[in-house]
Amino acid sequence: MTGVRAFAVEAVDIRKSYGELKAVDGVSFTVDEGEFFGILGPNGAGKTTTLEIVEGLREPDAGTVALLGESPWPRNLKLLPRVGVQLQASSFFEKLTAREQLETFGSLYGVSKSIVADMLELVGLLDKADVQENKLSGGQRQRLSIACALVHDPDVVFLDEPTAALDPQARRNLWDVLRAIQARGKTIVYTTHYLDEAEILCDRVAIMDRGRVLAMDSPAALVRGLDAPTRITLQPGALPAETARGIEGVDDVHEEDASMTISTRKPAVVLSALAERGALDGLQVRTATLEDVFLDLTGREYRA
Amino acid sequence: MSTAFKSLSVAMVKGFLRDRMALFFMFVFPLMFLVVFGLLFRDSGADKIKLAVVGDGPVVAALERTGAVEVQRFDDQQAAVDKVKDGDLPAALILSGNDVRLRFAASDQVAAGTVNGLVSGVVDKVNLGATGQPPAFRLDQQPVEDASLKPIQYLTPGILSWGVSISAVFGSALTLVSWRKKQVLRRIRLAPISAFTVLTSRVVVSVGVAVLQAALFVAVASTPPFGLKLSGDWYPALPLLVLGTLAFFAIGMLVGAFCKSEEAASGAANMLVLPMSFLSGTFFPIENAPGWLQAVSKVLPLRHMNDGMLDILVRGKGIGALVVPSAVLVGFTLVVGFVASRVFRWED
Ligand SMILES: Nc1ncnc2c1ncn2[C@@H]1O[C@H](COP(=O)(O)OP(=O)(O)OP(=O)(O)O)[C@@H](O)[C@H]1O
Ligand SMILES: [Mg+2]
């Protein structure tokens, strides 16, 4: 590689309309090689459409896409072996078992069957190897679908809502899988409804709504940019409200029947002051999240 | 052979073998028709004309020698005529000395004509023999086929062609619809293999199924209850089988391109295959149909596959009988396949 930093994905002002509806309305973003990039947004935001344009499954009405330096549209045979895709709706061959699905998809890329057991283990489906796809649970199908996207060891992986329909344990296992893939230097672009999850996993996120990108940065930077207060919740009567108001750094104190909430932009200072007073009963600290960012950007409550 | 090609074929064969409904409709269903029609019509072609006979003489002996009549003897003239009147027998022959009297039921014109022709022919021959003169004209009679076309002989090629049309049309249409619906097509499109590989792997599966169907149907039809006799020169049926499969495969691709759901695709495929099978002489020889129906049937690929199969499998006409059906089937495949490729969609 030259000294120039290579983009795995570079999308410039892509647009796609379905009749009157602007599903993707001028989206631009780049993803570095090795980066974990998340596209977030509510239903119908245009995440899938954006992803499919970048993958080369759809032709944009306008704009350009470079995937690993090449145009993915029209179908670019040179690119395909380096790209792994999990579609939002899982796509399987009829009546084949989990193992056979992986073998078949692998063979499309010239991958030997010996890898299949590893892939099944990676997504925790070894014990379901010989179960037909239609007899797997929703979450198991989802995991199989992810394994099918990874079977040929692609450089860039696109996952459309991979953690939808997963139970908390499976979600966490999948996080580990995704982190392991990233650790091997692969680029991951994924969509999700879970803002909390994106905050944990992604190097950078783009928040989409109604076909446009509203904000794009690392989750931490987005939250910081919001300059929203941290909310410290205590048991009622943990200390008098007046005392609380007197603590340095406290912006606001709000008392309810079941709790007292202190808002602050200097949580470290306030928490140590509270600790000095021994007033930490029932302590909960809630910092601003991407949900607050979304609320701030759209004026709407985020509903996944 | 590329691994992608092989494993796609294997994937489709496995999916097919695990689909009981598909197996039933491709193998058991046509076989049921073969068995039912085969047994139903077993004796109809070989039926001899039954004839009540009272008395005896050279005429009776000559009639029996023709092999075309089955003689039932009666002692009583009245009993024999009553049998005819009741419609149990088509005619009664009453002989006394040189007097030959034939009483027949005019209601069954075909049987009456046959009996009249047969008996008068035999009487003429015996008369001529009695004069001791050499015949002025010599009639040389020989069958042109080694087997007369018993029903099983035309049923088997017909049901074989029909069965192949079902499996190829439904197979390709349903695979296409279900792969499109389940996004398998989009997913395959993201893999570095050509559409040609995907298409040919499916075609190969259809051809394999057709060969299995042919082997099964012919094997069953050849068992004693049915008694199919293949002509010695049946090998040209194989290329015809492949060409027929291709033509029906193309039709299935066209159906699959237009239909969004499996249900719609089966409905549409049925609407094509069922009338086509009747118009192509699958169950009954089309020669008895009105002229305009025969003209319609001439444009159907099943008709030509059927004719070709009949000529090759049963009539023993050999490779020459391939020309017309093959040309029609290839033409059909090219035209329909071209249209199907124009309307093909990767996704809904
Ligand atoms: N093939 C299509 N034809 C017509 N409209 C479409 C098509 N695909 C998507 N849309 C519309 O485009 C908009 C964006 O859809 P898209 O699937 O990209 O949303 P999304 O962000 O992925 O939503 P979700 O979170 O529900 O998956 C939606 O309003 C959808 O109805
Ligand atoms: Mg989506």
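## A magnesium site, a bound ligand and some salt bridges

In this predicted model, Gln88(A) is partly exposed, with a relative accessibility of 36%. Gln88(A) is a handy place to start, as the residue turns up at both of the sites described next. The magnesium ion (ligand 2) is coordinated by the OE1 atom of Gln88(A) and the OG1 atom of Thr48(A), at 1.8 to 2.2 Å. Thr48(A) sits in helix α1 (residues 47-55) of chain A, while Gln88(A) is in the loop between β5 (83-86) and α2 of that chain, so the pair ties together parts that are 40 residues apart in sequence.

Next comes ligand 1, which has 14 residues around it. The closest are Asn43(A), Lys47(A), Thr48(A), Thr49(A) and His193(A). Thr48(A) shows up again here: one of its polar side-chain atoms lies 2.5 Å from an oxygen atom of ligand 1. Gln88(A) does its bit too, with an N or O atom of its side chain 2.8 Å from an oxygen atom of ligand 1. Gly46(A), on the other hand, uses its backbone, where an N or O atom lies 2.9 Å from an oxygen atom of the ligand.

The loop between β5 and α2 of chain A also holds Phe93(A). With a relative accessible area of just 1%, Phe93(A) is buried, since anything under 20% counts as buried. Phe93(A) and Gly63(A) are 30 residues apart in sequence, and their C-alpha atoms are 34 Å apart in space.

Moving to the start of chain A, strand β1 (residues 7-18) and strand β2 (residues 21-32) run antiparallel and are joined by 9 bridges. One of the pairings puts Phe7(A) opposite its bridge partner in β2(A), Asp32(A). The two strands make a hairpin with 2 residues between them. Gly19(A) is in the turn, and its phi is positive, at about 65 degrees.

Then there are the charged side chains. Side chains of opposite charge can pair when their charged atoms come close. Over all chains, a search of the whole structure turns up 34 salt bridges. One of them crosses between chains, running from Glu100(A) in helix α2 (residues 98-108) of chain A to Arg18(B), which is in the loop between α1 (3-17) and α2 (20-40) of chain B. In this salt bridge the closest N and O atoms of Glu100(A) and Arg18(B) are 2.8 Å apart. The two partners are not equally covered up: Glu100(A) counts as buried at 10% relative accessibility, whereas Arg18(B) is partly exposed at 30%.

Another salt bridge stays within chain A and links Asp153(A) to Arg184(A), with the closest N and O atoms 2.7 Å apart. Asp153(A) is in the loop between α4 (138-150) and β6 (156-160), and Arg184(A) is in the loop between α5 (168-183) and β7 (187-192), so this pair ties together parts of chain A that are 31 residues apart in sequence. Asp153(A) is partly exposed, at 41% relative accessible area, and Arg184(A) is exposed, at 55%. These two residues also have company, as a network of salt bridges links them with Arg82(A), Asp155(A) and Lys186(A).

A further pair in chain A is Arg171(A) and Glu197(A), whose side chains meet in a salt bridge of 3.0 Å, N to O. Arg171(A) lies in helix α5 and Glu197(A) in helix α6 (residues 195-201), so the contact ties together parts of the chain that are 26 residues apart in sequence. Here both partners fall under the 20% cut-off for buried residues: Arg171(A) is buried at 14% relative accessibility, and Glu197(A) is buried at 0%.

Finally, chain B. Its domain assignment gives domain 1 (3-42 + 148-343) and domain 2 (49-131). The centres of domain 1 and domain 2 of chain B, taken over C-alpha atoms, are 48 Å apart. Helix α8 (residues 195-221) of chain B contains Ala210(B). Ala210(B) is buried, with a relative accessible area of 1%. Ala210(B) and Lys181(B) are 29 residues apart in sequence, and 26 Å separate them in space, C-alpha to C-alpha.

Terms used. Residues numbered from 1 in each chain as written. Chains lettered and ligands numbered in written order. Predicted model: local features only at pLDDT ≥ 70, side-chain atom pairs only at ≥ 80, totals over all residues. Heavy atoms only, no water. Pairing = 2+ DSSP bridges. Helix = DSSP H or I, 4+ residues; strand = E, 2+ residues; numbered from the N terminus. Salt bridge = Lys/Arg side-chain N within 4 Å of Asp/Glu carboxyl O. Buried < 20%, exposed > 50% of the residue type's maximum accessible area, 1.4 Å probe, protein only. Domains from an automatic or database assignment. Donors = N, O, S within 2.8 Å, 3.2 Å for Na, K, Ca; no water. Near = heavy atom within 4 Å. Polar contact = N/O pair within 3.5 Å; in protein donor to acceptor, adjacent residues only side chain to side chain.
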